[in-house]
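Here's a quick tour of one model, taken a piece at a time. Have the structure open as you read.

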Amino acid sequence: MPSKKALIRRPSPRLAEGLVTHIERSPVDPALALQQWDGYVQALLAHGWEPFEVEPAHDCPDSVFIEDTVVIHRNVALIARPGADSRKPETAAVEEAVARLGCSINWVWAPGTLDGGDILKVGETIYVGRGGRTNAAGVQQLRAAFEPLGARVVAVPVSKVLHLKSAVTALPDGTVIGYPPLVDDPAVFPHFLPVPEESGAHVVLLGGGKLLMAASAPKSAELFASLGYEPVPVDISEFEKLEGCVTCLSVRLRDLYA
């Protein structure tokens, strides 16, 4: 049976100090962010997912973006080595959590850097964004960890956004979706569908054709509904101010052995 566990991490009280790279900084309301995080977790619960809360990292402003700390393929967890030094302390508690869940553990070692937000899995293909927080040595170590398991690792350029999944994610049928002005090379992907809003490029597959997505992308939601999917919108406006999206706020463990 497929696993439906999701790692989550409560926002730090210092969330408003989180890093921004490709957008202008704007004020973040930590109290509202916590409410929105609760709503995100409730959406996971409502669609059959079992949240697994990792110990908070109060001194790490970006720690709520837990996806960046680990990449999981089948039953193997590759503990990331974040490209931003301030985020490196985030991985220890995540490593402990995935070990408790029964994952085999690998690590990215210096000089490699790799952020989980740079990883998009479509079937057995693992796309990895190269150019921002993930470097060539990180890509090489990703290949070493997952290609022996049958994965095909494809490096793609990222220069216009923070992470690969800031630009693209994928629908259940494998179609990659993205907001064209932010995608370096759509031709990298065999099937690419442009969306009309930046935040419409980010979906989490909840199962049964349901797509968790930001409430800030109503036109994209209409597009997905016209394709037979069911959008599940959540308000994540405070996280969007820090270049966050729906994928960043959890790590979905779909192939965890029972």
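## A small run of strands

Strand β10 (residues 176–178) is joined to β11 by three bridges, and the two run parallel. Strands here are DSSP runs of E, at least two residues long, numbered from the N terminus, and two of them pair if DSSP finds at least two bridges between them. One of those contacts puts Val176 opposite Phe192, its bridge partner in β11.

Add β9 and you've got an open sheet of three strands, ordered β9-β10-β11, with mixed pairing. The edges are β9 (168–170) and β11 (192–194), each pairing on one side only. From one strand to the next, the twist averages 30°; the axes behind it are lines fitted to C-alpha atoms, with angles from 0 to 180 degrees between N-to-C directions.

A word on ground rules: this is a predicted model, where local features need pLDDT of at least 70 and side-chain atom pairs count only at pLDDT 80 or more, while totals for chains, interfaces and linings use all residues. Residues are numbered from 1 along each chain as its sequence is written, and side-chain values use heavy atoms, leaving out hydrogens and water.

## The largest pocket

The largest pocket holds about 740 Å³ of space. A pocket is an open set of points on a 1 Å grid over the protein atoms alone where a 1.4 Å probe fits, with protein on both sides within 12 Å along at least five of seven lines; lining residues have an atom within 4 Å of a point. The volume is the space filled by probe spheres set on the points.

It's lined by 34 residues, and Lys121, Val122, Leu205, Arg252 and Arg254 sit closest to the centre. Strands β3 (70–73), β6 (119–122), β9, β12 (203–207) and β15 (251–253) each chip in at least two lining residues, with β12 giving the most, at five. By class, that lining splits into 17 nonpolar, seven polar and ten charged. Asp, Glu, Lys and Arg count as charged; Ala, Val, Leu, Ile, Met, Phe, Trp, Tyr, Cys and Pro as nonpolar; the others, Gly among them, as polar.

## The runner-up

The second largest pocket comes in at about 280 Å³. Among its 18 lining residues, Glu198, His202, Glu240, Glu243 and Gly244 are the closest to the centre.

## Cysteines without bonds

How many disulfides turn up in the whole structure? Zero, with a disulfide taken as a pair of cysteine sulfur atoms within 2.5 Å. Cys60 has no bond because its closest cysteine sulfur, in Cys248, is 16 Å away. The sulfur of Cys248 is 3.5 Å from that of Cys245, still too far.

Notes: Helix = DSSP H or I, 4+ residues; strand = E, 2+ residues; numbered from the N terminus.
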